[in-house]
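Here is a short briefing on salt bridges and on one strand residue. Have the sequence and the structure open as you read.

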Amino acid sequence: MSQALENLLQEDRIFHPSDEFVAQANARPGIHEEAAADTQAFWKQQALDRITWFKEPTEILDDSNPPFFKWFKDGELNLAYNCLDRHLEKHGDQIAYHWIGEPGDTRALTYQDLADEVNRFANGLKSLGLKKGDRVAIYMGMVPELPIAMLACARLGLVHSVVFGGFSSEALASRVLDLDARIVITQDGAWRGGNVVPLKENTDTAVAQTPGIEHVVVLRRTDHGVAMTDSRDVWWHDLVEGQPEECEPETLNAEDPLYILYTSGTTGKPKGIVHTQGGYLAAVTTTHSYVFDIKPDSDIYWCAADIGWVTGHSYIVYGPLANRTTGVMYEGAPNYPNFDRLWQIIEDYEITIFYTAPTAIRAFMKWGDEHVAKHDLSSLRLIGTVGEPINPEAWIWYNKHIGGGSAPIVDTWWQTETGAIMITPLPGVIATKPGSATLPFPGIVADVVDEAGQSVPFGGGGFLIITEPWPSMARTIYGDDERYVDTYWTKFPGRYFPGDGCKRDDEGYYWLLGRVDDIMLVAGHNISTTEVESALVSHPAVAEAAVVGRKDDITGQAIAAFVTLRSAVTGDEDLLSELRDHVAKVIGPIGKPKSIVFTNDLPKTRSGKIMRRLLRDISDNRQLGDVTTLANADIVSEIAEMAASSSED
Ligand code: ATP
Ligand code: MG
């Protein structure tokens, strides 16, 4: 960005929490100010209050070798112990997970059940000769054995790396090689949309290219008959057979690695982010409790992400279990067998807290309101979103149709790299505005700066940065310290640069504006993709929109829009010009797209994020960049054809 971002979208709607919510909220007014007075003291207090340490830390932050920061570095603990053992005496019978299989089978696992299974599996892993520090790749669907495998690793000090079950064998192989993993844990198959995803076959293909893999552990789930390779492959049930339900938790240092997780690959080649034990657990438990207002004795909490993403690591597994939450896990597709599957689950389990992504919300809008209306969702008292900026109209829809108009919405900004939620409303404390993630979490210090690193006054936009270290920050990119420094710490030396654009309104609320790489420069104006897309989505015919800047002889770049319509609408020339005019009216003529293409879908990562860089490649007739994380390859060629024949303003 050579100059400040234009401030295009005006959003004046404001939502205050009800008195009833305020009265019972975990977060109290003044908590931001208290934490700001001494951020390190704040985090130390959280770490001592929320974690059972084998040896309490005396040191808080070690900043002697920036940007390689350490937190609580003389502390000792075990995360499986914190997630399981410490709850057992009083709460062993409490449900940890209600699990719902896609075909309709269900399981309820108590904390005691989970602890027993984790220990037996951990003993099984030991019998394979694994030892502290070894890397374990986990390539599974959403079955209870996935968190069990993660916790078994955590118990032994093995470093897990979960590879989303929707990835191909190539994506698995490249991650296994990067990790130098010793084993892969997988399933025969996973259920998805009524089909079997052939995880074991994919693993076989991957492992043929990864000589370091000694064993493949296979959970039987779909039972469709898979080939097992003697001496390399072992069934999960055979591995745990006869294993004792006791397994001593390894005493680990706060800075020992916990896991490596690859970023979504929205902007390029995925990065293997390393997270450690103590600081990570401190931040995920603190944020989980305050942001989701968790009441362990009464809430039924559903984070509907996949555990293959950081959201699942922090807010399905480690945060919720350490906070003794009763959670829900669903195995399959949200529209299988019907478009109301999720709402049926919320009604059946009387879920109180629900957390999903804007991409899912836009799909719900596209599918139509009637699927939601069939169900009683009145048990919900808090709903959240993560993953992309949420368009204000999608926020309003979520509020009205899912939140019943009263449940506070938490729009949480964070990244694989940050480990935990960073910018978010605190329900009961902060009034919300549709499309704004509001304010940094207590103990997180952020700023919005210009190209020169100078703070931009309220009312203006620029680069989001985090100015002080925080406990769950990434420690490095696995095996590539240099890329870690270059990617996050070089643009604004000494300060963390996440790569996102942001503006602050007059009250200091943060409005995330999408990736800096995606920002468009039209006739000398910096325009955020998010604002133009939100203007498009505010038209009643539009479900989803992506815009990119494509080369233009006159204006440098011109705005090219790709639009998905709501289910009942068909796109024609009239609607095209109506949408152009609509954008001009909402945010001004500068944001008016030069071309609009109607499409059934947009290119997305497997976590559902719009990959604008591919739309840019299409628009400028370039060869496509890294497509290994692309979920829907067909749509890219379809869009390319349509873009070539589309009309211009
Ligand atoms: P890669 O880093 O490989 O390009 P990625 O950035 O999509 O992939 P993630 O770590 O899964 O990988 O996503 C983090 C990014 O998602 C953030 O940097 C931000 O752009 C976006 N994001 C997440 N939550 C929000 C939110 N509430 N509002 C706006 N943007 C969000
Ligand atoms: Mg990223």
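Arg13 is partly exposed, because its relative accessibility is 33% and the partly exposed range runs from 20% to 50%. This is a predicted model. In it, the side chain of Arg13 meets that of Glu393 in a salt bridge, at 3.1 Å from N to O.

**The Arg13–Glu393 pair**
- Arg13 sits in the segment before α1 (19-24), and Glu393 sits in helix α15 (residues 392-402).
- The two residues are 380 apart in sequence, so their salt bridge ties together distant parts of the chain.
- Glu393 has 23% relative accessibility, so this residue also counts as partly exposed.

**The Lys491–Glu451 pair**
- A salt bridge joins the side chains of Lys491 and Glu451, with 2.9 Å between N and O.
- This pair links distant parts of the chain, 40 residues apart.
- Lys491 is in the loop between α16 (481-488) and β24 (500-504).
- Glu451 is in the loop between β21 (446-449) and β22 (461-466).
- Lys491 has a relative accessible area of 35%, so it is partly exposed.
- Glu451 is partly exposed too, at 39% relative accessibility.

**The Asp581–Lys592 pair**
- Asp581 and Lys592 form a salt bridge, and their closest N and O atoms are 3.8 Å apart.
- Asp581 belongs to helix α18 (residues 573-587).
- Lys592 lies in the loop between α18 and β30 (595-598), and the two residues are 11 apart in sequence.
- Asp581 counts as partly exposed, with 46% relative accessibility.
- Lys592 counts as partly exposed, with 29% relative accessibility.

**Salt bridges across the model**
- The count comes to 39 salt bridges.
- Five residues are linked in a salt-bridge network: Arg362, Glu388, Glu544, Asp601 and Lys604.

**Leu109 in strand β5**
- Leu109 is part of strand β5, which covers residues 106-110.
- Its relative accessibility is 2%, under the 20% cut-off, so Leu109 counts as buried.
- Beyond its neighbours within four places in sequence, Leu109 contacts Gln94, Ile95, Ala96, Tyr97, Leu114, Glu117, Pro144 and Ile148.
- Leu109 and Ile95 are 14 residues apart in sequence, and their C-alpha atoms are 5.6 Å apart in space.

Note on methods: Residues numbered from 1 in each chain as written. Chains lettered and ligands numbered in written order. Predicted model: local features only at pLDDT ≥ 70, side-chain atom pairs only at ≥ 80, totals over all residues. Heavy atoms only, no water. Helix = DSSP H or I, 4+ residues; strand = E, 2+ residues; numbered from the N terminus. Buried < 20%, exposed > 50% of the residue type's maximum accessible area, 1.4 Å probe, protein only. Contact = heavy atoms within 4.5 Å. Salt bridge = Lys/Arg side-chain N within 4 Å of Asp/Glu carboxyl O.
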